[in-house]
Amino acid sequence: MSDSLPYSMKDVKYDNAKFRQRSLYKVINQTLLTRNIKHDWLSCSTGKFLALVMLFGLAYLFMAHTSSEPQVSGGLAKDVVVNKGDKINSDGISGLRRFWRKPPRLPPRLSPDEKGGKNSLGREAENPSSRLKWVSRQQKVKDAFIHAWSGYKKHAMGYDELMPLSQRGVDGLGGLGATVVDSLDTAIIMGADEIVSEAGSWIETQLLDRIKHKGQVNLFETTIRVLGGLLSAYHLSGGDEGMKLTRNGPKPTVYLDTARDLADRLLSAFTASPTSIPYSDVILRDSSAHPAPDGLSSTSEASTLQLEFNYLSMVSGDPKYSLEAMKVLEHMKTLPKVEGLVPIYISYYEYLLKVWLHQGASQNSNLTYLYEMYSEAMKVPNGLVFVGELPYGSNGAFSPKMDHLVCFLPGTLALGATKGKTKERAMKDDLLTFEDLENLKLAEDLMHTCFQMYSVTSTGLAPEIAYFHTEEYSEEGLDGGNKISKYLSDIIIKHADRHNLLRPETVESLFVLYRTTEDPKYREWGWQIFEAFEKYTKVDTGGYSSLDDVTHIPPRRRDKMETFFLGETLKYLYLLFSDSDVIPLDKFVFNTEAHPLPIKAAVRSS
């Protein structure tokens with residue numbers, strides 16, 4: 001929440017260019033000596049007495065000058081409250097300081113250029129040719145999605161993932177047909193009606209039976225992919241008076257009923273655990289749960305379940321799902337942290353923000369602790385353009401290592417700053433604080449770094465992990481291969497880290513940054529990344545393949561198409577090239593697998 005600014009309403013009306021500080025001596029001098037009054041009255045005893053009274057009166061006023069701090073919302077003071085019971089400041093010094101304070105720091109305002117229209121900051125002109133360009137590029141992404149699905153349908157339908165080179169399927173996520181469910185809402189958003197029918201029919205006829213008979217699944221992966229995908233499809237197909245973007249596929253209640261059956265089994269991970277932290281694995285067929293082999297729980301996994309369970313409680317009317325999931329975050333609130341940080345798994349911060357937004361943000365005062373926990377954790381050092389690690393704890397040495405997974409953070413920072421609105425709209429509505437603007441600037445700087453992880457390589461695709469050249473760390477002969485990149489010697493890519501898994505985090509942040517800033521460079525960066533995917537990862541017989549080494553041409557291919565390529569990467573690229581009213585960020589929150597769920601306040605107002 002924004003801190004109160006140190007000025008009252010009367011200060012806002014000051015002309016700061018004319019406001020100057022004056023010393024106590026000058027004030028008294030002007031009051032007593034510079035007025036057009038004869039001064040011989042000071043020679044009489046009554047005059048001396050009155051002068052003495054005046055001096056003491058002025059001193060009393062200066063020392064007793066107190067006022068309560070104004071309550072500020074979004075940077076503007078709305079109410080000035082004076083508590084009648086306040087005691088007079090006895091030392092006088094702080095009163096004097098408050099009386100002669102500096103000119104007020106006014107809330108952020110749009111610059112004249114920003115007020116001048118959509119073209120003044122390099123944003124795109126709203127002309128037919130520009131719109132046609134992005135409609136055409138959006139269609140290219142849809143074509144890529146259809147190509148990916150065609151390979152999966154032909155060679156791996158019902159399996160979790162496609163192995164596109166060997167043209168077969170593999171179950172690595174519990175055997176619930178993860179690619180089918182992960183892809184469904186992408187198909188709905190793109191208007192790929194035939195795929196909606198195929199995926200919807202499989203879910204209606206096959207998935208519930210698999211849930212009842214399958215064995216071990218991971219709580220986290222199953223929640224974000226399968227449960228999240230079912231709930232998103234439920235809303236987008238018209239459930240809960242949702243958007244009804246498609247008339248294809250089964251009735252929306254099929255998705256909800258399947259989601260409830262799955263969630264009832266997954267709840268055993270919470271109820272079987274002796275603590276507020278759920279077990280990591282569930283046996284679906286008998287609704288039992290057990291911890292990971294080492295007994296440890298991942299911060300990220302345990303705290304990245306709340307969106308899905310909260311929304312299920314909302315649409316089903318049964319609070320049990322939300323109650324169990326929210327115990328995790330309530331417990332996290334009590335744990336010790338270092339400057340708001342918890343160990344290792346940073347999607348924890350993503351869900352702190354997104355759960356707060358999903359539940360109606362500031363309208364739900366019971367959940368403000370989530371935003372406060374997020375805000376504390378996001379206070380990063382000035383000038384940071386990459387996010388490194390402290391592998392040996394907060395007192396250990398800093399490692400300039402950044403995973404591609406971290407590139408979701410620019411989008412999260414931007415979302416936290418503007419709450420889903422454009423920067424222009426948020427500033428016009430006085431919703432941005434100075435800290436919000438600093439976080440938005442950090443988001444843009446970090447976004448630039450994430451994009452350079454792509455452009456520095458020979459293929460134009462990012463490695464899984466990069467290191468950064470600093471004063472304390474450097475290695476020779478480990479560059480990305482793009483000799484014309486100005487950052488060639490700044491980004492170090494070790495041999496074991498050169499693979500690309502078709503990950504979505506960078507294009508996710510490009511999507512959010514474009515929606516937030518309306519700067520077309522983010523669209524252009526996204527198009528460059530998409531072209532690289534098309535050139536180096538597309539498999540002619542259907543599907544797309546991960547790569548072994550992004551620094552060499554032609555790159556060696558891995559025989560794997562992850563479910564998130566259809567569920568996240570292509571979805572975010574499609575939305576990046578779409579109009580901003582398609583799944584708007586102030587009406588939807590995306591779970592960590594890119595399944596959009598409606599914001600609670602938006603559901604109430606519709």
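**Notebook: loops and helices in a predicted model**

I began at E518, which I found in the loop between α20 and α21. The model is a predicted one, and I kept that in mind for every entry below. E518 is not a glycine, yet I read a positive phi of about 60° for it. I then asked myself whether E518 is buried or exposed. E518 comes out as buried, because its relative accessible area is 15% and the cut-off for buried is under 20%. I also looked for a partner remote in sequence, and noted that the C-alpha atoms of E518 and S580 are separated by 9.4 Å, although the two residues are 62 apart along the chain.

**The helix before E518**

I went back to helix α20, residues 505-517, which E518 follows. Helix α20 has 13 residues and reaches 18 Å from its first C-alpha to its last, close to the 18 Å expected at 1.5 Å a residue. I checked its cover next and found helix α20 mostly covered, with 13 of its 13 residues buried.

**P520, in the loop between α20 and α21**

I placed P520 in the loop between α20 and α21, where I had already put E518. P520 counts as buried, since its relative accessible area is 12%, under the 20% that sets the limit. For P520 I looked up F577, which is 57 residues away along the chain, and found the two C-alpha atoms separated by 9.9 Å.

**T422, and what it touches**

I turned to T422, which is found in the loop between α17 (409-418) and α18 (423-428). Which residues does T422 touch, leaving aside those up to four places away in sequence? I listed R515, T516 and E518, so this entry leads back to the loop residue with which I began, E518 being in the loop between α20 and α21. T422 and L513 are 91 residues apart in sequence, and I read 9.2 Å between them from C-alpha to C-alpha. T422 itself counts as partly exposed, because its relative accessibility is 23%, whereas E518, which T422 touches, is buried.

**D240, another positive phi**

I noted D240 as a residue that has a positive phi of about 55° although it is not a glycine. D240 lies in the loop between α9 and α10 (252-266). At 28% relative accessibility I entered D240 as partly exposed, as that value falls between the 20% and 50% limits. The C-alpha atoms of D240 and M314 are separated by 9.4 Å, with their positions 74 residues apart along the chain.

**How α9 packs on α13**

I followed the chain back from the D240 loop to helix α9, residues 219-236, and looked up its packing with helix α13, residues 306-316. The two helices pack at an angle of about 35°, and I noted their axes as 10 Å apart. The crossing in which α9 passes α13 is left-handed. On the α9 side I wrote down T223, I224, L227, G228, L231, Y234 and H235, which meet E308, F309, Y311, L312 and V315 of α13. By class, this contact has 8 nonpolar, 3 polar and 1 charged residues.

**Helix α14**

I tested the length of helix α14, residues 320-334, against expectation. Its 15 residues should span 21 Å at 1.5 Å a residue, and I found its end C-alpha atoms 22 Å apart, which agrees. The buried residues that I recorded in α14 are Y321, S322, E324, A325, M326, V328, L329 and M332.

**A cis peptide bond**

I checked the bond from I553 to P554 and found it cis, with omega near -10°. P554 is found in the loop between α21 (521-536) and α22 (563-576).

**The chain as a whole**

I closed with totals for the protein chain, in which I counted 23 helices and 12 strands. Of its 606 residues, 52% count as buried. The accessible surface comes to about 28,400 Å², and carbon and sulfur atoms hold 53% of that surface. Among contacts between residues at least 6 apart in sequence, 70% join residues at least 24 apart.

Notes:
Residues are numbered from 1 along each chain as its sequence is written. This is a predicted model: local features need pLDDT of at least 70, side-chain atom pairs count only at pLDDT 80 or more; totals for chains, interfaces and linings use all residues. Side-chain values use heavy atoms; hydrogens and water are left out. Axes are lines fitted to C-alpha atoms, for helices over the stretch in contact, and angles run from 0 to 180 degrees between N-to-C directions. Helices (H or I, at least four residues) and strands (E, at least two) are DSSP runs, numbered from the N terminus. A crossing is left-handed if the near helix is turned anticlockwise from the far one by less than a right angle, and right-handed if clockwise. Contact means heavy atoms within 4.5 Å. Ala, Val, Leu, Ile, Met, Phe, Trp, Tyr, Cys and Pro count as nonpolar, Asp, Glu, Lys and Arg as charged, and the others, Gly among them, as polar. The expected span of a helix is 1.5 Å times one less than its number of residues. Buried means under 20% relative accessible area, exposed over 50%, partly exposed in between (1.4 Å probe, protein chains only). Accessible areas come from the Shrake-Rupley method with a 1.4 Å probe; for residues, only the protein chains shown count as cover.
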